[in-house]
Each structure stands twice: as C-alpha cells, then as structure tokens.
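Reader: I'd like a close look at one part of this model, the helix that carries most of the nonpolar surface patch. Could you walk me through that helix, then carry on to the side-chain contacts elsewhere in the chain?

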Amino acid sequence: MPEAAHHPHKVGKRSVTIAIISNSIVGASKLVAFLFTGSGVMLSEFIHSIADTANQLFLFIGIERSHKPADDSYNYGYKNERFFWSLLSACGVFFIGAGVTIYHGIDTLLTHTESHFSTWTITVLLVSALLEGFSLFMAIRELRRIADGENIFKYVRHSGDPTLLAIIYEDSAAVVGVGIAIFSLILVNLTGQSYWDSYGSILIGLLLGVVAIILMNVNREYLLGRAVPKHIRKKIFTILSNQPVVDEIHDFKTIMITTDGYRVKAEVEINGHYLADLILESRDFRKEYESIEDYNDFIKFCVGFSDEVTRTLGKEIDKLEEVIEDEVPTVTHIDIEAN
C-alpha cells in the first residue's frame, strides 16, 4: 500500500513546513538586498517569496483541515478542503505573485528606474537558490515515497497530491526565477542598461502566471469530482465483472474523494442462477417441501426463502466489496446496488 495510505496526515505536511521556513528566510534576505540596491528584479523576487510563503500557509491549513473527522454535516469528511485551500494558494500565486511582479516590472520599465548591481545581491540570490532547491528536493523525495515505486511523472499525471504539486511547481519556479534574476542583473552590469532588470521582473511574473494556471486547473479537476485514474477504473471494473454473482454491470462511476481515497458506485445485475445454487447448498428443499401441509405452511416457507435470498445477496455483495478493497486499498467507499 502506498505511504499515503499509512500516514495520510503527514502527506505533504513536512514539505510544506520546510517550504514555509525556507521561503521566509529567503524573502527576508531578498528584501534587505532590494533596500540596499533598489533592484526591481530583487523586489520581484521578494514579492515572489512572500507570495510563496503565504500560499504555503494556505496549503498547511488545507492539510490540517482535510483530516477533520466526518460528522453529520459532512458524512464523507473534510478531505476536499485540501483542494479548496490549494486552489486559494494557486490564486495567490496568480494575483499576488504574477500580477504584482509583472506590474512592477512594467512600471520600472516605463519610469526608467535605476538598478544597482552588487556581488552581495548575487550572493543573496545564490543562497536563495540553494534553499529553494533544498525545499524542492524534499518535496520530490516525499512524492517518490508516496508514489510507492510508480514513475513519479505518471503518478503526478494520474493522481498527484495538489499540495505537493504546488510545492514542486512553486519551488521549481522559484529556482528558475532566481536564475532569471541573476542573469538580468549580470546583463545590467555588463551593458549598463537598467531595462534588463525590468525585463527580468516581467519574465518572472509570466513564469508565476503559468505555474498558477496549471495549479488552478489541477485543483479545479478535483473539486469538480475527478474520476479515478483510468487504469484503476479498468482494474475495479474487471474485478466486478469476474465475480460469479455479477451478471451484468449497468452503471459504473468513480470519484476521487482525495488523491489517495476513491469512491466507487455500481449498479449490477445479479446472477440469479448462482444465487439459487448457493441457497440450494445451504437448505434441504425436498425436506421442506414434504413438510408443507397447508397454505399457512407454504406462506411460512415463502417468507423464510425470501429472508434467505436477501441474506445471501447481502453476504455476496459484502464479499464483493471486500475483494475490491483488498485488490485496490485506495477504494474507501463502495456503493453496489442490485439492479
């Protein structure tokens, strides 16, 4: 079973905590560098770090709230809260990170704001890259553990945790953004033209915008009730089809309650002959037939037989659900209806 199933509360939490701490330190150092140099790209990087820190706080809140137990108001629990707070985080990246950064870059470009190059600024950016890279490394390592041997690119495409995806995308954008910032400042120093600083800010903002749109779409899919990955749907359907009690499957639906928790709903046509054979094995119908003396005895037999059919059908459906849960442990809710 994947690690996520063993420790659901810890999934993503470690990576988010590391990201919050590293981005807070990075943001503070970038702010100091901006105050000393007046660099627009450094201000963009500071805004980027602050936006990332705030967004990762949203992710942390989502993780905490998603593990509230089910109650009368929310019978399936609060697991979708993770997607809601992840969506808020993505919106923060778009409006605060991308929007403010692009606006500032355009403003400095139009006002011809001077930018000052210094080795201290480059040092701050390099340290930032190291911290962001460490946070990214920890998120990828956690994703590998959750994927439980599956190719992480395939896992991300099919059922990646949006919390970890947010950390990975944001930290990747942060590392690339630092590279853009360093390159922009080097161009400013070599050419003496401050507009390279503005171009760097705009490019960082566009990068954040792309990341935000990707994350928004991922969380949108989960909130709308995304079906489980195709290969898992096929596996569950095959398990149902191969059970002797199932004659036909008329309706089959799946939904991802969480990234590692699935709900399955199926309407099945019961194989009456198989059910009758099970009942015949458990009762001596000849003896019961011979004991019927009048109409009241016949009614009593019919009532007992109806109870037997109901109990046998219930047991077979329970067995069917157990088989699915054993074969696909991530199925946490199963609704099988006899058609």
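Author: Here is a walk along that helix, followed by the aromatic and charged contacts. Keep in mind that this is a predicted model.

The helix you're after is helix 2, which covers residues 13-37 and gives the most to the nonpolar patch, with four residues. The patch has an area of about 520 Å² and is made by Leu31, Val32, Leu35, Phe36 and Trp120. Trp120 comes from another element, helix 5 (residues 119-147). How exposed is Trp120? Its relative accessibility is 40%, so Trp120 counts as partly exposed.

Now for the helix itself. Helix 2 has 25 residues, and from its first C-alpha to its last it reaches 36 Å, close to the 36 Å expected at 1.5 Å a residue. Its buried residues include Ser15, Val16, Ile18, Ala19 and Ile20. Further along, Ser22, Asn23, Val26 and Gly27 are also among the buried ones. The list of buried residues goes on with Lys30, Ala33 and Thr37. So there's a lysine in that buried set, at position 30. Just after the helix, Gly38 takes a positive phi of about 75°.

Helix 4 makes a handy companion. It runs over residues 81-111, has 31 residues and reaches 43 Å between its first and last C-alpha, close to the 45 Å expected at 1.5 Å a residue. Just after helix 4 there's a positive phi too, about 55°, this time at His112.

On to the rings. The structure holds 12 aromatic pairs. One of them joins Tyr195 and Tyr199, a tilted pair at 5.5 Å centre to centre with 55° between the planes. Those two tyrosines sit four residues apart in helix 8 (residues 195-223), so about one helical turn separates them. In general, an α-helix has 3.6 residues a turn, so residues three or four places apart point the same way. As for their surroundings, Tyr195 is partly exposed at a relative accessible area of 34%, and Tyr199 is partly exposed at 41%.

Phe285 and Phe301 make an edge-to-face pair, because their planes stand at 80° with the ring centres 6.0 Å apart. This pair links distant parts of the chain: Phe285 belongs to helix 11 (residues 285-290) and Phe301 to helix 12 (residues 295-327), with their positions 16 residues apart. Phe301 counts as partly exposed, at 21% relative accessibility. Then there's an aromatic cluster formed by Phe58, Phe84 and Trp85.

Some rings have a charge over them. The charged end of Lys68 sits over the ring of Tyr78, 4.2 Å from its centre. Arg226 lies over the face of Tyr222, at 5.1 Å from the ring centre. Arg226 has another contact as well, since its side chain meets that of Glu221 in a salt bridge (3.4 Å, N to O). Glu221 counts as partly exposed, at 30% relative accessibility.

That brings us to the salt bridges, and the count comes to nine. As a general point, side chains of opposite charge can pair when their charged atoms come close. Back in helix 12, which partner of the Glu316 and Lys319 salt bridge is it worth checking for burial? The closest N and O atoms of Glu316 and Lys319 are 3.5 Å apart. The two are three residues apart in helix 12, so about one helical turn lies between them. Glu316 counts as buried at 10% relative accessibility, whereas Lys319 is partly exposed with a relative accessible area of 47%. Elsewhere, salt bridges that share partners join Asp251, Lys253, Lys265 and Glu267 into one network. Within that network, Lys265 and Glu267 form a salt bridge whose closest N and O atoms are 3.1 Å apart. Glu267 is partly exposed, with a relative accessible area of 24%.

One last stop is Val188, in helix 7 (residues 162-191). Is Val188 buried or exposed? With a relative accessible area of 6%, Val188 is buried. Its C-alpha is separated by 17 Å from that of Val124, which is 64 residues away along the chain.

Methods. Residues numbered from 1 in each chain as written. Predicted model: local features only at pLDDT ≥ 70, side-chain atom pairs only at ≥ 80, totals over all residues. Heavy atoms only, no water. Expected span 1.5 Å × (residues − 1). Phe/Tyr/Trp six-rings, centres within 6.5 Å; stacked < 30°, edge-to-face > 60°. Buried < 20%, exposed > 50% of the residue type's maximum accessible area, 1.4 Å probe, protein only. Lys NZ or Arg CZ within 6 Å of the ring centre and 35° of its normal. Patch = residues over 30% accessible without salt bridge, like charges linked within 9 Å, V, L, I, M, F, W, Y side chains within 5 Å. Areas by Shrake-Rupley, 256 points an atom, 1.4 Å probe, with all protein chains shown as cover. Salt bridge = Lys/Arg side-chain N within 4 Å of Asp/Glu carboxyl O.
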